[in-house]
Amino acid sequence: MEYSAGFTKEKWSENEIEVVLKLMSEGKVKKEILDEVMEQNSFQLRSPVSIKNRFNMVYNRAAVLDDEMKKHFLNASDYDRKALTLYSFLKVYRIPLEFYIEVIVFKYEQQEPLYSNDFHYFFEGKASVSEKVSSWRSETIKRLVSSLVLFFRHSKMIDKVEPTKYQVKPIYMSQSLKTYAERNAPLLYSFTILEKVNEE
């Protein structure tokens with residue numbers, strides 16, 4: 001995966017992913033799913049352009065879930081849906097994945113809180129090794145930080161305890177999904193223990 005600032009436009013999209021997964025489970029292909037989403041205005045957006053843009057992001061994230069994960073998303077608990085929503089985000093975008101591995105997991109292993117400055121230090125580090133990241137404007141970095149905070153807070157992996165301080169904690173997952181993830185999806189399983197695992 002290349003470094004990309006494209007996830008500034010991403011939303012949590014848990015409900016939209018559910019819409020797409022239901023249509024996938026009916027055997028519909030991408031164009032058929034888009035047509036139905038447009039016709040029903042399932043994403044509740046005003047313009048066709050907005051719907052198409054959101055759809056492409058949501059579809060890409062839904063598509064990284066394997067068949068077993070799709071079933072869990074559609075039939076399981078709110079906890080599992082949140083875990084799988086975060087998983088879909090990390091599987092599609094390199095920056096959030098690296099932030100998770102290099103900062104979230106590290107902070108938990110060290111039993112340290114996460115601070116707002118840690119997000120900025122992370123991007124400073126990436127800028128020192130990537131020309132692409134170093135070319136991003138400060139406004140872009142701020143939006144990227146906001147997106148990271150949004151996703152990790154929605155998944156309940158970080159909790160704000162002070163204005164600039166977050167508690168880091170593993171997220172709950174049903175035993176059936178946890179068992180499946182331990183055998184088949186190391187990244188997903190790692191959410192429950194916040195330890196580095198073998199790369200998928």
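Hi everyone, let's start with helix H4, residues 67-75, where the buried residues are Met69, Lys70, His72 and Phe73. Looking down the axis of H4, you find these buried residues within an arc of 165°, so they line one face of the helix. That fits a general pattern: an α-helix has 3.6 residues a turn, so residues three or four places apart point the same way. Before I go on, please keep in mind that this is a predicted model.

What do the buried residues of H4 pack against? Their partners are helix H1 (14-25), helix H3 (48-63), helix H5 (78-92), helix H10 (175-184) and helix H11 (186-190). Turn to the other side of H4, and there you meet Asp67 and Asn75, which are exposed.

And which residue caps the N-terminal end of H4? That is Asp66, with a side-chain oxygen 3.1 Å from the backbone nitrogen of Glu68.

Now, let's move to the loops. Most residues other than glycine have a negative phi. Gln44 is not a glycine, yet its phi is positive, about 55°. You can find Gln44 in the loop between helix H2 (30-40) and H3. Is Gln44 buried or exposed? Gln44 is exposed, and its relative accessible area is 70%.

Gln111 also deserves a look: its phi is positive, near 55°, and Gln111 is a residue other than glycine. Its place is the loop between helix H6 (94-109) and strand E1 (114-115). With a relative accessible area of 62%, Gln111 is exposed.

Thanks for listening!

Conventions. Residues are numbered from 1 along each chain as its sequence is written. This is a predicted model: local features need pLDDT of at least 70, side-chain atom pairs count only at pLDDT 80 or more; totals for chains, interfaces and linings use all residues. Side-chain values use heavy atoms; hydrogens and water are left out. Buried means under 20% relative accessible area, exposed over 50%, partly exposed in between (1.4 Å probe, protein chains only). Helices (H or I, at least four residues) and strands (E, at least two) are DSSP runs, numbered from the N terminus. The arc is that of the directions from the helix axis to the C-beta atoms. Contact means heavy atoms within 4.5 Å. A polar contact is a pair of N or O atoms within 3.5 Å; within protein, one must be able to donate a hydrogen and the other to accept it, and residues adjacent in sequence count only if both atoms are side-chain atoms.
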